[in-house]
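Q: Could you walk me through how to read a two-chain model, one feature at a time?

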Amino acid sequence: MKKRSLIPILYIAFLMLPIYWLVAMSFKTTNEILSGFSLFPQTFTLDNYITIFTDPTWYWGYINSITYVTLNTVLSVCVALPAAYAFSRYRFLGDKQLFFWLLTNRMAPAAVFALPFFQLYSSIHLFDTYLAVALAHTLFNVPLAVWILEGFMRGIPKELDETAYVDGYSFPRFFVTIFLPNIKAGVGVAAFFCFMFSWVEMLLAKTLTAVEAKPIAAVMTRTASSAGYELGLLAAAGTLTIIPGAIVIWFVRNYIARGFAMGRV
Amino acid sequence: MRTENQKAWFFVLPVLALVAFNALVPMMTVVNYSVQETFGNNQFFWEGLGWFEQILRSDRFQAALGRQFLFTFLILLIEVPLGIIVALSMPRKGFWVPVCLVLMALPMLIPWNVVGSMWNIFTLPKIGLMGYFLNDVLGINYDMTQQPLSAWITVITMDVWHWTSLVVLLCYAGLVSIPDAYYQAAKIDGASPWSVFRYIQLPKMKTVLTIAVLLRFMDSFNIYTEPFVLTGGGPGNSTTLLSIDLVKIALGQFDLGPAAAMSLIYFAITLLVSWLFYTLMTKDDAQ
């Protein structure tokens, strides 16, 4: 037993090393970083974090990112719920083809869509708004949310629906008061994945914004190129981007294994 | 069983509208560019399939495509077995399960450009932990800004670090769904660990493994941000994968025609290979 647990421990250590290095860097001064190697911060400093929390261009980057990610998550889950219900309960003309077509959008390279998206959202005057990024990210998040929710909904027996109708429930009332509570784990997992993929995606988010809705990634790259080589600041900004993900993952920790299997186990 | 009901289409309409808006309009824009030539001023000339021919014949595209296939092949070769091994050796229940899962999922929740920056900082010679360790402690000459081999090793290691957990979590989900009775039966029969794996665990993991291979294929084939931030495609062109090359042509040189043709070829290859994987891996179920 002891020997077997060595593999996960080594694997997790491998995962944690670069993260540790990023966090350690964020507490160092730029001078210390450039002067040579040190495993722990020698002159522990919070200056990098203070810069980020006092400079509006920095902290607005985080606010912008979180705003469009939240908007995208709500939007994706809301439109995916009825669609997933339809796919899990009914057969209709072209259902298989439609489901497959939705999934193909998950396969599209984001690089392919960068320029057309820029033109599309400029032409409808949404360029540089939260809505533009949130809408663009639905391209890959809505198919994923439909896929996950459909997997969870298929596990709910159809008798539940039929009993509710016999008891005189209307469809909307049944859906909200009976069905949703039964698949709340699925909704949580779907929301988690939408949050995750919208949070980590940067190519489209950067292409679709300029000033007003600029994501944290754009702030980071501009700092990296303009202000010389402020590695400490960059590391602190990077460390802060890990926190929202870590918080969200803690909430779904008990469903995460099944969630990654898209409800299909 | 699902019942036949055409009204279900109304439930699907919002999704259809949203995805169609995001997928069809840009796709038509790309198709439009791919068959035309422009000299600016919004004047376009019919070009037919010329761009497609030019792209398919160009050494640059073929080289990028070759690098892309090599990259994806190596990624699948390393991440899938490693993921299975880690999942098999994880505890099934107890306090450590959620801790392991959360820690393992952490790399996947870091924005992709931060992943690139993080590995950049990690691998800097003299300053970074890995760069210092390899160069100054082990005495290996490692510098990913100068040597293509170092750059490749770094990009591959970064992706293994970033995405192996996806395979682990998927396999783990498959493993915990196996009832204890199966293992007890195997024990009574005196089955070896290998036959337990081959005849109990592997079949149960099949669905999730299909998802894992498909997702890893698609995502590694479309990878852009992490290697771009880490190496910028260099040194030279040695780590210029397809997406990086495409963005260079489209947004760097603004050659819209060739970029659009390349986009369509790229997308078609992704679709084709995904479909091949899917058909091959689910062939046995259909019989």
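The turns below go from confidence to the interface and then to one helix.

Q: What should I know before I start?
A: This is a predicted model, where local features need pLDDT of at least 70 and side-chain atom pairs count only at pLDDT 80 or more, while totals for chains, interfaces and linings use all residues. Residues are numbered from 1 along each chain as its sequence is written, and chains are lettered from A and ligands numbered from 1 in the order in which they are written.

Q: Which element of chain B has the lowest mean pLDDT, and which the highest?
A: pLDDT is the predictor's confidence in each residue, from 0 to 100. Where it is low, the predicted coordinates should not be read in detail. Helices here are DSSP runs of H or I with at least four residues, strands are E runs of at least two, and both are numbered from the N terminus. In chain B, helix H13 (residues 283-286) has the lowest mean, 60, and H3(B) the highest, 92. Chain B averages 85, with 96% of the residues at 70 or above. For the complex, the predictor gives an ipTM of 0.85 and a pTM of 0.87.

Q: How many residues of each chain are in contact?
A: Two residues are in contact if their C-beta atoms, placed from the backbone, lie within 7 Å. Here 80 residues of chain A meet 77 of chain B. Helix H1 (residues 6-26) of chain A gives the largest share of chain A's side, eleven residues.

Q: At what angle do H1(A) and H5(B) cross?
A: Axes are lines fitted to C-alpha atoms, for helices over the stretch in contact, with angles from 0 to 180 degrees between N-to-C directions. The axes of H1(A) and helix H5 (residues 112-123) of chain B come within 9 Å and cross at roughly 85°. Because 65 to 115 degrees counts as roughly perpendicular, that is the label for H1(A) and H5(B). Among the residues making this contact are A:Trp21 and A:Leu22 of H1(A), and B:Trp119 and B:Phe122 of H5(B).

Q: How many residues of H11(B) are buried?
A: A residue is buried if 20 or more other C-beta atoms lie within 10 Å of its own, exposed if 12 or fewer, and partly exposed in between, with C-beta atoms placed from the backbone. Helix H11 (residues 242-252) of chain B is mostly covered, with eight of its eleven residues buried. B:Leu242 and B:Asp245 are among them. The buried residues pack against helix H6 (110-123) of chain A, and against H3, H10 and H12 of chain B. After H11(B) comes B:Phe254, with a positive phi near 60°.

Methods. Angles under 35 degrees count as roughly parallel, over 145 as roughly antiparallel, 65 to 115 as roughly perpendicular and the rest as oblique.
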